[in-house]
Amino acid sequence: MRAPEARAAVPTVDVHAHVLLPEVEALVEGERGLAEARELDARRNGSAALTVSGTMIRERFPRLTDVSVRLAAMDAQGVDVQLVSPSPSHYHYWAGETAAEKVFRLANEATATHCAAAPDRLRGLGLVPLQHPGLAVEALDHALAHGLLGVEISSHAPGRELSDPAYEPLWTRAEETGAILFLHPFGCTLDERLDRWYLSNTVGQPTENAVALSHLIFSGVLDRHPTLKVVAAHGGGYLPTHIGRSDHAWAARSDAGAGCAHLPSSYLKRLYFDSLVHDPHVLRELVRVAGADRVLLGSDFPFDMGTEDPVGALRAAGLPEADFHAVRGGNAADLLRKD
């Protein structure tokens, strides 16, 4: 355990921060499938949510694109380092192979350029086209070659869950390289049932997190790849606080327990989770079930569903001092360190 003075010297690291890449959106404009994707997004979210989100993005555009504005905001929050990932709106999992390759290459390069403007304070993640598993390893290698620490992925791609065997080469390569996989859902397949009151995000995101993590656990992906570095956004959604039901199913039913070797709850200690749960009681429970060494500070910078004061939100959980400093930055400093 670090001495108190060493703990205080550990930088504060926010692992959940985004960059907006207008050049990616310009690239896909006019591509076949974009109009249908936008229509689906509109149906899933509802017109009121799209209107509010549009205003919010315009107001926060400088923090999403301008490094100097980002650094000033980080200073105000007391954040030393951000792990910056592209806005999930840039996934574009509807795109065909040619367009998808252009998207991941441009997104990786643009994110690397953004972070290179302040390399001591910004580290980056790239993208992989989950809709084309055959391109996934190439995309990960491309991200790593540009100095990024890994890639951001959604909870699923059209017609494919994360348990799909087609992703085995991606998990293998990520494990070999020590790459970070930041699991951040975009959209929810409950569709129009969540098209009011921003349920598409408030209910949809934690649902998608829970489903995606359950696929990784119950399918045995984490058995086959025990050192995979998966960081789940939004505290892993509903799964960590309801993991007892998964444990019961695994023990009580042969079908539930067929794919993974151990109790589902045991895999939480192989995953990482950000602290963005908006409730100090839930954050304490997350630390209890996953371990203080598996929770990382996260803010969802600079979106309105994030927190403007991630360190204050962490302090409100009343964790023991050693655990507070581990989550504040110690765990992430270890995870982000290149071997």
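**Exercise 1. Which residues lie nearest the centre of the largest pocket, and how many residues line it?**

Solution. This is a predicted model, where local features need pLDDT of at least 70, side-chain atom pairs count only at pLDDT 80 or more, and totals for chains, interfaces and linings use all residues. Residues are numbered from 1 along each chain as its sequence is written, and side-chain values use heavy atoms, with hydrogens and water left out.

Step 1. Fix the term. On a 1 Å grid over the protein atoms alone, a pocket is an open set of points with protein on both sides within 12 Å along at least five of seven lines; a cavity is a set where a 1.4 Å probe fits but cannot get out; lining residues have an atom within 4 Å of a point.

Step 2. Read the lining. It has 48 residues, and Asp41, Asn45, Pro88, Ser89 and Phe186 lie nearest the centre.

Step 3. Assign elements (DSSP runs numbered from the N terminus: helices H or I of at least four residues, strands E of at least two). Two or more lining residues come from each of α2 (22-28), α3 (34-45), α4 (47-65), β6 (156-157) and α9. The top contributor is α3, with eight residues.

Step 4. Give the volume (the space filled by probe spheres set on grid points, joined across faces, edges and corners). The largest pocket holds about 1400 Å³.

Step 5. Sort by class (nonpolar: Ala, Val, Leu, Ile, Met, Phe, Trp, Tyr, Cys and Pro; charged: Asp, Glu, Lys and Arg; polar: the others, Gly among them). The count is 23 nonpolar, 18 polar and seven charged.

**Exercise 2. Describe the second largest pocket.**

Solution. Its space is about 340 Å³. Of its 18 lining residues, Pro206, His234, Leu276, Val277 and His278 lie nearest the centre. Helices α9, α10 (204-218) and α13 (280-290) each give two or more residues to this lining. By class, it has eight nonpolar, eight polar and two charged residues.

**Exercise 3. Characterise the cavities.**

Solution. Step 1. Count those of 30 Å³ or more: there are two.

Step 2. Take the largest, at about 50 Å³. Its lining includes His90, Tyr91, His92 and Tyr93. Helix α6 (residues 97-116) gives the most, three residues. No lining residue is charged; eight are nonpolar and three polar.

Step 3. Take the second largest, at about 40 Å³. Arg63, Asp300 and Glu308 are among its lining residues. This lining has three nonpolar, four polar and three charged residues.

**Exercise 4. Find and classify the aromatic pairs.**

Solution. Step 1. Apply the rule (Phe, Tyr and six-membered Trp ring centres within 6.5 Å; planes under 30 degrees apart are stacked, over 60 edge-to-face, the rest tilted). The whole structure gives three pairs.

Step 2. Tyr91 and Phe186 have ring centres 6.4 Å apart and planes at 80°, so they are edge-to-face. Tyr91 lies in the loop between β2 (81-86) and α6, and Phe186 in the loop between β8 (180-183) and α9 (199-202), so the pair ties together parts 95 residues apart in sequence.

Step 3. Tyr167 and Trp171 are tilted, at 6.0 Å centre to centre and 55° between planes.

Step 4. Check burial (relative accessible area with a 1.4 Å probe, protein chains only: buried under 20%, exposed over 50%, partly exposed in between). Tyr91 is buried at 6%; Phe186 is partly exposed at 37%. Tyr167 is buried at 0%, and Trp171 is buried at 1%.

Step 5. Group the rings: Tyr91, Tyr93 and Phe186 form one cluster.
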